[in-house]
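Subject: The structure we talked about

Hi,

Here is the structure I promised to pass on. Have a look at it first, and then read on for what I found in it.

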Amino acid sequence: MQQIGFLLYPGFQIMSLAAVSAFEFANIELEEKVYDIRYLSENGGPITNSLGMVMETEAFGDPALDTLIVAGAPGIRLPNAVEAAFIRAALPVARRLASICTGAFFLAEAGVLDGRRATTHWYVSRELQSRYPRVKMEEDRIFIIDGSVWTSAGMTAGIDLALAMVEKDHGFEVARAVARMLVVYHRRAGGQSQFSALLELEPKSDRIQKALAYARSNLKAALSVEELAEASHLSPRQFSRAFRAETGQSPAKAVENLRLEAARLMMEQGRHPIDVVARETGFADRERMRRAFLRAFGQPPQAIRRAALQELQMRCTRPTA
């Protein structure tokens with residue numbers, strides 16, 4: 001039996017424990033208790049999460065677990081000295097050490113991410129990189145495995161991470177069966193950019209907001225800097241400077257992200273030919289759109305469509321327990 005320890009602390013995000021379901025359903029699928037879940041904290045006893053719910057935990061003990069997973073928090077939370085020491089002690093003796101979402105800050109503070117590839121939620125990835133420059137941050141990944149250390153992006157990415165662990169331990173078919181029972185992707189395509197690109201565009205001024213609204217409504221147009229500047233009633237030079245200052249992106253990059261969002265939606269929800277999708281979203285031709293998809297999602301448009309169709313089929317098929 002493999003012991004999976006979840007490191008909890010006051011204020012942890014309850015969604016971190018969604019990953020537990022993957023291990024639970026693996027037990028059900030295999031008809032035996034292959035995973036034993038333990039909830040750990042510094043002193044043991046009741047721990048209150050960010051929603052005010054209370055969970056019973058046991059105090060830190062032998063760190064030689066099969067897998068130690070650090071829960072995430074709604075914001076950035078760093079480990080205290082005892083928590084960091086427990087994580088460091090687990091690294092050489094646990095088979096796997098993992099974090100969900102902002103739990104990566106625990107691993108980074110404990111020093112176990114030094115020189116390793118890692119990810120975390122896109123919203124705080126640059127903050128982690130700034131605080132811990134020795135970490136090889138890859139912010140557009142669902143999860144990353146570097147040796148015995150696993151890190152995941154947002155809270156729901158913890159499910160992807162747990163499914164990958166189940167597949168590593170018990171094979172493809174078991175992991176696929178667990179995904180079907182959970183009604184989630186077995187292997188989710190793409191990176192975090194598909195969720196975060198437009199959320200980063202939060203301009204403060206009405207003029208830049210107008211330019212973005214114009215761009216969203218006119219994706220088939222050229223959408224040059226001059227055209228967007230005219231929509232915002234600024235000179236091209238003023239517009240470019242203000243746009244980058246308020247969004248952190250160039251106008252060209254923002255327009256590509258808007259086109260990618262629209263094209264991905266058409267690929268997932270519609271049955272338009274790829275040439276039509278490319279034309280309607282302003283990519284002009286399918287090859288240009290394909291290259292943009294590969295940069296942003298790591299998948300060509302056809303793979304995005306296939307994944308969406310597979311998910312639809314999975315959702316329409318009643319899972320078996």
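D66 and R95 form a salt bridge, and their closest N and O atoms are 2.7 Å apart. D66 sits in the loop between β4 (54–59) and β5, while R95 sits in the loop between α2 (81–90) and β6, so this pair ties together parts that are 29 residues apart in sequence. Please keep in mind that this is a predicted model.

The two partners differ in how much of them is covered. D66 counts as buried because its relative accessibility is 15%, and the cut-off for buried is under 20%. R95, with a relative accessible area of 38%, is partly exposed.

The pair also belongs to something wider: D66, R95, R96 and D169 are linked in a network of salt bridges. As a general point, side chains of opposite charge can pair when their charged atoms come close.

R96 is worth a click of its own. This residue is found in strand β6, which covers residues 96–99. What is its relative accessibility, and is R96 buried or exposed? The value is 3%, so R96 counts as buried. Its side chain makes a polar contact of 2.9 Å with the side chain of D169. Leaving out residues up to four places away in sequence, R96 touches Q2, I4, D66, T67, L68, S148, W150, M165, K168 and D169.

Next door in the list of strands is β5 (residues 67–70), where you will find V70. V70 has a relative accessibility of 0% and therefore counts as buried. Not counting neighbours within four places in sequence, V70 is in contact with L7, Y9, I87, A98, S99, I100, G103, F106 and L107. The C-alpha atoms of V70 and A104 are 7.7 Å apart, although 34 residues separate the two along the chain.

Back to the charged pairs: the count for the protein comes to 18 salt bridges. Here are two that sit within helices.

- E127 and R131: this salt bridge has its closest N and O atoms 2.7 Å apart. Both residues lie in helix α4 (residues 122–131), 4 residues apart, which is about one turn of the helix. E127 is partly exposed at 34% relative accessibility, and R131 is partly exposed at 39%.
- K253 and E256: here the closest N and O atoms are 3.8 Å apart. The two are 3 residues apart in helix α11 (residues 251–269), so about one helical turn separates them. K253 is partly exposed, at 41% relative accessibility, whereas E256 is buried, with a relative accessible area of 19%.

Now for a helix to look at along its length. Helix α13 (residues 286–297) has 12 residues, and at 1.5 Å a residue these should span 16 Å; the end C-alpha atoms are 16 Å apart, which agrees. Which residues of α13 are buried? They are M289, A292, F293, A296 and F297. Looking down the axis of α13, you would see these buried residues fall within an arc of 105°, so they line one face of the helix.

Both ends of α13 have a detail to check on screen. At the N-terminal end, D285 acts as a cap, with a side-chain oxygen 3.1 Å from the backbone nitrogen of E287. Just after the helix, G298 takes a positive phi of about 70°.

Helix α6 (residues 172–182) has a longer list to go through: its buried residues are V174, A175, A177, V178, A179 and M181. Just after α6, V183 takes a positive phi of about 55°.

Finally, some totals for the protein as a whole:

- Its secondary structure comes to 14 helices and 10 strands.
- There are 321 residues, and 50% of them count as buried.
- Among contacts between residues at least 6 apart in sequence, 63% join residues at least 24 apart.
- The accessible surface comes to about 15300 Å², with 51% of that belonging to carbon and sulfur atoms.

If you open the model with one thing in mind, start at the network that links D66, R95, R96 and D169.

Best wishes

Terms used: Residues are numbered from 1 along each chain as its sequence is written. This is a predicted model: local features need pLDDT of at least 70, side-chain atom pairs count only at pLDDT 80 or more; totals for chains, interfaces and linings use all residues. Side-chain values use heavy atoms; hydrogens and water are left out. Buried means under 20% relative accessible area, exposed over 50%, partly exposed in between (1.4 Å probe, protein chains only). A polar contact is a pair of N or O atoms within 3.5 Å; within protein, one must be able to donate a hydrogen and the other to accept it, and residues adjacent in sequence count only if both atoms are side-chain atoms. Contact means heavy atoms within 4.5 Å. Accessible areas come from the Shrake-Rupley method with a 1.4 Å probe; for residues, only the protein chains shown count as cover. The expected span of a helix is 1.5 Å times one less than its number of residues. The arc is that of the directions from the helix axis to the C-beta atoms. A salt bridge is a side-chain nitrogen of Lys or Arg within 4 Å of a carboxyl oxygen of Asp or Glu.
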